[in-house]
Amino acid sequence: MIENDKLWFKRKRWGYGWSPNTKEGWLVTASYLLILVILTMFFISQDELNVIFSLFVGAGAIVTTVIFFFITLRHAP
């Protein structure tokens, strides 16, 4: 477990997963959502379909989600 006694995320009462418990948890969640919005804006801003660019945006979303998942695992019960 982590050194800090405060966990960034807590278990949900209903359903699966965790919800933010501290300001650090909310900051990580807000950062994750902001990155996904920025990636979506880049994707929407393209005038024509570019397959390579679409793959990079999709890969960025997947990498961001995996990083967010591992952060929540590390700082949750």
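1. Thr72 lies in helix H2. This is a predicted model. Thr72 counts as buried because its relative accessible area is 6%, and the cut-off for buried is under 20%.

2. What does Thr72 touch, leaving aside its neighbours within four places in sequence? The contacts are Phe9 and Trp18. There is also a polar pairing within the helix region: a polar atom of the Thr72 side chain lies 2.6 Å from the backbone oxygen of Phe69.

3. Thr72 is one of the buried residues of H2; Val57, Thr64 and Phe68 complete that list. Their cover includes three elements to look for in the model: helix H1 (23–44), strand E1 (9–11) and strand E2 (18–20).

4. Now the helix as a whole. H2 runs over residues 51–74, which is 24 residues. At 1.5 Å a residue, the helix should span 34 Å. The end C-alpha atoms are 35 Å apart, so the model agrees with the expected span.

5. Which residue caps the N-terminal end of H2? Asn50 does. One of its side-chain oxygens lies 3.3 Å from the backbone nitrogen of Ile52.

6. Val51 is also found in helix H2. Is Val51 buried or exposed? Val51 counts as exposed because its relative accessibility is 53%, and the cut-off for exposed is over 50%.

7. Val51 also belongs to a nonpolar surface patch. Leu49, Ile52, Leu55 and Phe56 make the patch together with Val51. Its area is about 590 Å². Ile52 thus appears twice in this note: in the patch, and as the backbone partner of the Asn50 cap.

Notes:
Residues are numbered from 1 along each chain as its sequence is written. This is a predicted model: local features need pLDDT of at least 70, side-chain atom pairs count only at pLDDT 80 or more; totals for chains, interfaces and linings use all residues. Side-chain values use heavy atoms; hydrogens and water are left out. Helices (H or I, at least four residues) and strands (E, at least two) are DSSP runs, numbered from the N terminus. The expected span of a helix is 1.5 Å times one less than its number of residues. Buried means under 20% relative accessible area, exposed over 50%, partly exposed in between (1.4 Å probe, protein chains only). Contact means heavy atoms within 4.5 Å. A polar contact is a pair of N or O atoms within 3.5 Å; within protein, one must be able to donate a hydrogen and the other to accept it, and residues adjacent in sequence count only if both atoms are side-chain atoms. Patches are made of residues with over 30% relative accessible area and no salt bridge: like charges are joined within 9 Å, nonpolar side chains (Val, Leu, Ile, Met, Phe, Trp, Tyr) within 5 Å. Accessible areas come from the Shrake-Rupley method with a 1.4 Å probe; for residues, only the protein chains shown count as cover. A salt bridge is a side-chain nitrogen of Lys or Arg within 4 Å of a carboxyl oxygen of Asp or Glu.
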